[in-house]
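This report goes through one protein chain, from its overall make-up to its helices, a pocket, its aromatic rings and a loop.

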Amino acid sequence: SSGINAEWPLRPGNITVGDKDSISYVAPAMIDFNKLTGTLTLSFFIHNAVVALVRNNKNPKNNTRDVTVAFTMVALTYGLVGVLFILTFPLAKSCISDVASQLLFDNISLNDLMVFVAKFFQILQLITVYPTVNFVLRSQLFLGIFKDPFCSYKHVIVFNILTILICVLISIFYPRVNTVIRYVGSVAGLAYVFFFPCFVYLLHCYKNNKLTWYSAVGHGSIILLGLLNLASQPLTFSNYLK
């Protein structure tokens, strides 16, 4: 699907939900939705990074405003790019790359000026996002182990080398970014989204003699959803229906 001109027309015919034989057919629903829930739990897991990012703000009173603006801009950026890309892609949606870099640029001609500009800004994004994510992971890990988000330069250098090594090894031996994201998201989401918030709340209620059976069942069900989400990641439900 490489070599397609970036100027794709936005036509209703690029999306078809009724004719399964059409080249532009898109299923209105898929039974393998579990692959998406793993990615979604990673997005919720990233929420805990907010505390680390705004911890050193000069004016903490502006944290709510800054976080709101950041989430709005991210949602608009990813939403517009994803929706417009899937609506305008003129070939079968199965042609969209999902193996190597999994970038939408793999499906567009690199001779287009706007693609070059977009890839330039993508490099800037990677240059800024990777250190930010690395900082969040280091702060949380060091706080949990050493009670200090920095410790020493030696600890930081070793941590940076290990994280870079892990990323490089994944890029070389298993460059399926979507698969890595959904597995990491399901594991991290189980801990930070489903288990710890519910467990801490139930423990607090128990110590204060406020724990009720319906609260325990409700929060236990949320933890169970996280476990099911993690357990379902290796499964492809559509294979069992053939």
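## Terms and overall make-up

In what follows, a residue is called buried when its relative accessible area is under 20%, exposed when that area is over 50%, and partly exposed in between. By this measure the buried residues of helix α7 are Ser-215, Ile-223, Gly-226, Asn-229 and Ser-232. The model is a predicted one, and the statements below should be read with that in mind.

The chain holds eight helices and zero strands, so that "helix" is an element named throughout, helices being DSSP runs of at least four residues; from the N terminus on, the order of elements is α-α-α-α-α-α-α-α. Of its 242 residues, 23% count as buried. Among contacts between residues at least 6 apart in sequence, 65% join residues at least 24 apart.

## Helices α7 and α3

Helix α7 covers residues 213-232, and since a rise of 1.5 Å a residue would have its 20 residues span 28 Å, the 28 Å between its end C-alpha atoms agrees with that expectation. 

Helix α3, residues 63-88, has 26 residues and reaches 37 Å from its first C-alpha to its last, which is close to the 38 Å expected at 1.5 Å a residue. Its buried residues are Asn-63, Phe-85 and Thr-88, and the buried residues of α3 pack against α2, residues 49-54. Asn-63 has a relative accessible area of 17% and is therefore buried; once its neighbours within four places in sequence are left aside, Asn-63 is in contact with Val-54 and Asn-57.

## The second largest pocket

Which residues line the second largest pocket? The lining consists of Phe-33, Asn-34, Thr-37, Leu-40, Thr-41, Phe-44, Phe-194, Leu-225, Leu-228, Asn-229, Ser-232 and Phe-237. The elements that give two or more residues to this lining are α1, residues 34-45, and α7, and the largest share, five residues, comes from α1. The volume of the second largest pocket is about 190 Å³.

In character, the lining of this pocket divides into seven nonpolar residues, five polar and no charged. Two of the lining residues, Asn-229 and Ser-232, are also listed among the buried residues of α7.

## Aromatic pairs

The count of aromatic pairs comes to eight. One of them joins Phe-150 and Tyr-153, whose rings are edge-to-face, at 5.2 Å centre to centre and with 90° between the planes. The two partners fall into separate classes of accessibility: Phe-150, at 33% relative accessibility, counts as partly exposed, whereas Tyr-153 is exposed because its relative accessible area is 65%.

Another pair is that of Tyr-192 and Phe-196, with ring centres 6.4 Å apart and planes at 65°; an angle over 60 degrees counts as edge-to-face, so this pair is placed in that class. Both residues lie in helix α6, residues 177-207, where they are four residues apart, about one turn of the helix. An α-helix has 3.6 residues a turn, so residues three or four places apart point the same way. Tyr-192 counts as partly exposed at 42% relative accessibility, and Phe-196 likewise counts as partly exposed at 42%. Tyr-192, Phe-195, Phe-196 and Phe-199 form one aromatic cluster.

## The loop between α4 and α5

Where do the residues Lys-147 and Cys-151 lie? Lys-147 is placed in the loop between α4, residues 113-146, and α5, residues 153-173, and the place of Cys-151 is also in the loop between α4 and α5. The backbone at these positions deserves a note. Most residues other than glycine have a negative phi. Phi of Lys-147, however, is near 60°, a positive value in a residue other than glycine, and phi of Cys-151 is near 65°, again positive in a residue other than glycine.

As for accessibility, Lys-147 is exposed, since its relative accessible area is 67%, while Cys-151, with a relative accessible area of 26%, is partly exposed.

Terms used
Residues are numbered from 1 along each chain as its sequence is written. This is a predicted model: local features need pLDDT of at least 70, side-chain atom pairs count only at pLDDT 80 or more; totals for chains, interfaces and linings use all residues. Side-chain values use heavy atoms; hydrogens and water are left out. The expected span of a helix is 1.5 Å times one less than its number of residues. Buried means under 20% relative accessible area, exposed over 50%, partly exposed in between (1.4 Å probe, protein chains only). On a 1 Å grid over the protein atoms alone, a cavity is a set of points where a 1.4 Å probe fits but cannot get out, and a pocket is an open set with protein on both sides within 12 Å along at least five of seven lines; lining residues have an atom within 4 Å of a point. Grid points are joined across faces, edges and corners, and a volume is the space filled by probe spheres set on the points. Ala, Val, Leu, Ile, Met, Phe, Trp, Tyr, Cys and Pro count as nonpolar, Asp, Glu, Lys and Arg as charged, and the others, Gly among them, as polar. Rings of Phe, Tyr and Trp (its six-membered ring) pair if their centres lie within 6.5 Å; planes under 30 degrees apart count as stacked, over 60 as edge-to-face and the rest as tilted. Contact means heavy atoms within 4.5 Å.
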